[in-house]
Amino acid sequence: MMQHQVTKPFTIDKYLIMNAWKRVKENKGSAGIDNVSTEDYESNLGKNLYKLWNRMSSGSYFPEAVKLVDIPKPSGGTRPLGIPTVGDRIAQMSVVLLIEERLEAIFHADSYGYRPNRSAHDAIEKARERCWHYNWVLDMDISKFFDTIDHDLLMKAVERHVQEKWILLYIRRWLKVPYATLTGERIERKMGVPQGSVIGPVLANLYLHYTFDKWMSLYHPTIPFERYADDTICHCNSLKEAQMLKASIVERFAACKLRLNEEKTRIVYCKDGKRRGEYKEITFDFLGYTFQPRGQRNKQGQSL
């Protein structure tokens with residue numbers, strides 16, 4: 001008797017999984033909750049990749065819990081970092097390889113974070129250049145951005161650009177997968193994208209593309225900005241314009257389930273040279289650099 005070949009519900013190229021593995025290996029990174037390192041995974045690579053491809057193609061792939069570790073912040077304190085298993089990082093990378101190019105085509109020119117051929121240095125240079133032309137900066141801080149991304153709104157954005165059913169299925173699973181702490185505690189998740197996941201930066205960028213970048217282009221087209229992930233500054237012509245923009249952004253973010261951190265969001269006067277008047281906020285930090293007034297000198301080298 002002839003055996004019927006089982007047709008898999010999803011068609012996924014094996015080479016895609018292999019290329020995803022190569023990228024994950026290049027990025028290094030530590031083991032996830034299963035304690036399997038990239039070296040361990042590679043020791044039985046053919047079998048491991050086949051198993052992953054087989055599960056993803058059949059719809060039976062379910063990600064494991066994301067290992068939650070606290071890493072020190074340069075400014076003091078710690079921030080949570082989620083580390084998926086090597087297998088889950090390969091699965092996520094296969095989706096990134098497929099959707100990155102189509103999202104690149106729609107992303108804003110002033111979005112710099114986690115994008116090919118763009119860097120924090122590019123964003124800093126552009127900010128420096130614009131500070132010469134605009135006297136006011138709105139220095140934005142989004143409160144717990146990665147932890148508060150709304151899953152329904154995010155999936156709405158994803159569905160605009162992704163038709164493949166398997167990608168949509170697995171993105172939903174990655175969003176819902178729980179955290180596992182080093183003490184063995186499980187933390188269920190109903191919102192947010194794990195910082196440390198492979199797909200997280202792409203999804204976060206897409207969320208802010210519609211929440212902020214595209215919205216700015218439509219409603220505040222004359223106000224330039226630089227955005228690196230959730231780190232954003234906007235350049236304004238006057239204090240009044242900066243105040244009105246801030247109020248407008250607060251309203252917009254509320255509609256998109258985000259919130260500005262009022263303590264850390266500041267309006268800064270950034271005119272170089274002579275600074276007179278009562279406005280006290282004259283420095284701001286952006287991507288590790290402090291922007292501050294530079295004194296101007298006359299031809300005799302005297303400070304103006």
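**Pockets, cavities, sheets and helix pairs**

Colleague: Let's start with the second largest cavity: how many nonpolar, polar and charged residues are in its lining?

Modeller: Keep in mind that this is a predicted model. The lining of the second largest cavity includes Leu103, Phe107 and Tyr114, along with Glu100, Glu104 and Arg115. Sorted by class, the count is six nonpolar, one polar and three charged.

Colleague: Which helices each supply at least two residues of that lining?

Modeller: The space in the second largest cavity is about 50 Å³. Among its lining residues are Glu100, Leu103 and Glu104, as well as Pro201, Val202 and Asn205. The helices that each give at least two are helix 4 and helix 9.

Colleague: And the largest cavity, how many charged residues are in its lining?

Modeller: There are two cavities of 30 Å³ or more, and the largest holds about 60 Å³ of space. Its lining includes Val66, Trp174, Leu175 and Ile199, with Gln92 and Ser197 there too. By class that lining has nine nonpolar residues and two polar ones, and the number of charged residues is given as no charged.

Colleague: On to the open spaces. What volume does the largest pocket have?

Modeller: A total of 34 residues line the largest pocket, and Lys73, Arg79, Asp141, Asp230 and Asp231 lie nearest its centre. By class, the lining splits into 14 nonpolar, nine polar and eleven charged. The volume of the largest pocket is about 1,400 Å³.

Colleague: Which element gives the largest share of that lining?

Modeller: Several elements each supply at least two residues to the largest pocket: strand 2 (78–83), strand 3 (136–141), helix 6 (145–148), helix 9 (200–219) and strand 9 (284–286). The largest share is four residues, and they come from strand 2.

Colleague: Which residues lie nearest the centre of the second largest pocket?

Modeller: The second largest pocket has a volume of about 470 Å³. Its lining divides into eleven nonpolar, six polar and five charged residues. In all, 22 residues line this pocket, and nearest its centre are Asn27, Met93, Ser197, Val198 and Pro201.

Colleague: Which helix provides the largest share of that second lining?

Modeller: Two or more lining residues come from each of helix 1 (14–27), strand 2, helix 4 (86–104) and helix 9. The largest share is four residues, supplied by helix 4.

Colleague: How do helix 3 and helix 4 lie: parallel, perpendicular or oblique?

Modeller: Helix 3 (residues 45–58) packs against helix 4 with the axes 11 Å apart and an angle of about 55°. That angle is why helix 3, relative to helix 4, counts as oblique.

Colleague: Is the crossing of helix 9 and helix 10 left-handed or right-handed?

Modeller: The axes of helix 9 and helix 10 (residues 239–255) come within 11 Å and cross at roughly 140°. Angles over 145 degrees would count as roughly antiparallel, so helix 9 and helix 10 are called oblique to each other. As for the hand of the crossing, it is right-handed.

Colleague: Now the sheets. Which strands stand at the edges of the open sheet with the order 2-1-4-5?

Modeller: This sheet has four strands and mixed pairing. A strand at the edge has a single partner strand, so one side of it is left without a neighbour in the sheet. The two in that position are strand 2 and strand 5 (186–187).

Colleague: What is the bridge partner of Ala180 in strand 5?

Modeller: Strand 4 (residues 179–181) pairs with strand 5 in the antiparallel sense, over two bridges. Within that pairing, the partner of Ala180 is Arg186.

Colleague: For the sheet with the order 6-7-3-8, by how many degrees are neighbouring strands turned against each other on average?

Modeller: This is an open sheet of four strands with antiparallel pairing. Strand 6 and strand 8 (266–269) each have a single partner strand, so they stand at the edges with one side lacking a neighbour in the sheet. Ignoring direction, the average turn between neighbouring strands is 15°.

Colleague: Last one: which residue in the hairpin turn between strand 6 and strand 7 has a positive phi?

Modeller: Strand 6 (residues 225–228) and strand 7 (residues 231–236) pair in the antiparallel sense over four bridges, and Arg227 has Thr232 in strand 7 as its bridge partner. Two residues lie between these strands, and the one with a positive phi, about 55°, is Ala229.

How values were computed: Residues numbered from 1 in each chain as written. Predicted model: local features only at pLDDT ≥ 70, side-chain atom pairs only at ≥ 80, totals over all residues. Heavy atoms only, no water. Pairing = 2+ DSSP bridges. 1 Å grid on protein atoms, 1.4 Å probe; cavity = no way out; pocket = protein on both sides within 12 Å on 5 of 7 lines; lining within 4 Å. Points joined across faces, edges and corners; volume = space filled by probe spheres on them. Nonpolar A, V, L, I, M, F, W, Y, C, P; charged D, E, K, R; others polar. Axes fitted to C-alpha atoms, helices over the stretch in contact; angles between N-to-C directions. Parallel < 35°, antiparallel > 145°, perpendicular 65-115°, else oblique. Left-handed = near helix turned anticlockwise from the far one by under 90°.
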